[in-house]
Amino acid sequence: ISTAAASMSGVKARKYVLRSMFHGAPKKEDFEIVEEELSPLQDGEVLFEAEWWTVDPYMRLVAVVGETMTGGQVARVIQSKNKDYEVGMLAIASFGWRTHTVIDPAKDTASGLVATPVAKL
């Protein structure tokens, strides 16, 4: 996963959007890489950068054409305005296949974007 330039003015994230359901092994043509500009952090928010994505058989059953490919990831905090999430901390989260994600962990628990801090390396 490549790193996007991060600054307090925002970050460009790349997400892998499912173009068509795949049969057999997924092909490059089954996905579209879409860039999006993320807003600067508000109080309580955290900016995560993906380190690893999951690739699991269940994903075929829940993937939706036109949406970011579902999946978990290990992500690193690269900016934070949340006292519980320090820069450098690793987390496990259900962000899908995207390079960067901004969430407020206290507000986004119902959306499935739940981050659990695991370590600071």
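# Close-up views

**View 1. D84 is partly exposed, with a relative accessible area of 46%.** On this scale, buried means under 20% relative accessible area, exposed means over 50%, and partly exposed is whatever falls in between, using a 1.4 Å probe and protein chains only. Keep in mind that this is a predicted model, in which local features need pLDDT of at least 70 and side-chain atom pairs count only at pLDDT 80 or more, while totals for chains, interfaces and linings use all residues. Residues are numbered from 1 along each chain as its sequence is written, and side-chain values use heavy atoms, with hydrogens and water left out. Next to D84 in the sequence sits K83, which is exposed at 75% relative accessible area. K83 and D84 form a salt bridge, their closest N and O atoms being 3.4 Å apart (the cut-off is a side-chain nitrogen of Lys or Arg within 4 Å of a carboxyl oxygen of Asp or Glu).

**View 2. K15, E36 and R98 are joined into one network by salt bridges that share partners.** Across the whole structure, the search turns up five salt bridges. In the one between K15 and E36, the closest N and O atoms are 3.6 Å apart. This pair links distant parts of the chain, 21 residues apart: K15 belongs to strand β2 (residues 10-18) and E36 to strand β3 (residues 31-38). Strands here are DSSP runs of E with at least two residues, helices are runs of H or I with at least four, and both are numbered from the N terminus. K15 counts as buried at 19% relative accessibility, whereas E36 comes out partly exposed at 24%.

**View 3. The surroundings of K15 include E32, I33 and V34.** Leaving out residues up to four places away in sequence, K15 also touches E36, T68, W97 and R98. A contact here means heavy atoms within 4.5 Å. Zooming out to the protein chain, take the contacts between residues at least 6 apart in sequence: 64% of them join residues at least 24 apart.

**View 4. E51 and R76 form a salt bridge, with 3.0 Å between their closest N and O atoms.** E51 lies in strand β4 (residues 46-53) and R76 in strand β5 (residues 73-80), so this pair ties together parts that are 25 residues apart in sequence. E51 is partly exposed, at 27% relative accessible area.

**View 5. The largest nonpolar core has 10 residues: V46, F48, A75, V77, Y85, M89, A91, A93, F95 and I103.** Two or more of its residues come from each of β4, β5 and β6 (89-93). Strand β6 gives the most, with three residues. A second, separate core of seven residues includes L18, A63, M69 and W97. To make a core, buried Ala, Val, Leu, Ile, Met, Phe, Trp, Tyr and Cys residues have to be joined through side-chain atoms within 4.5 Å. In soluble globular proteins, nonpolar side chains tend to be buried together.

**View 6. The backdrop for these close-ups is a protein chain with one helix and eight strands.** Reading along the sequence gives the pattern β-β-β-β-α-β-β-β-β. Of the 121 residues in the protein chain, 38% are buried. Its accessible surface comes to about 7000 Å², with 56% belonging to carbon and sulfur atoms. Those areas come from the Shrake-Rupley method with a 1.4 Å probe, and for residues only the protein chains shown count as cover.
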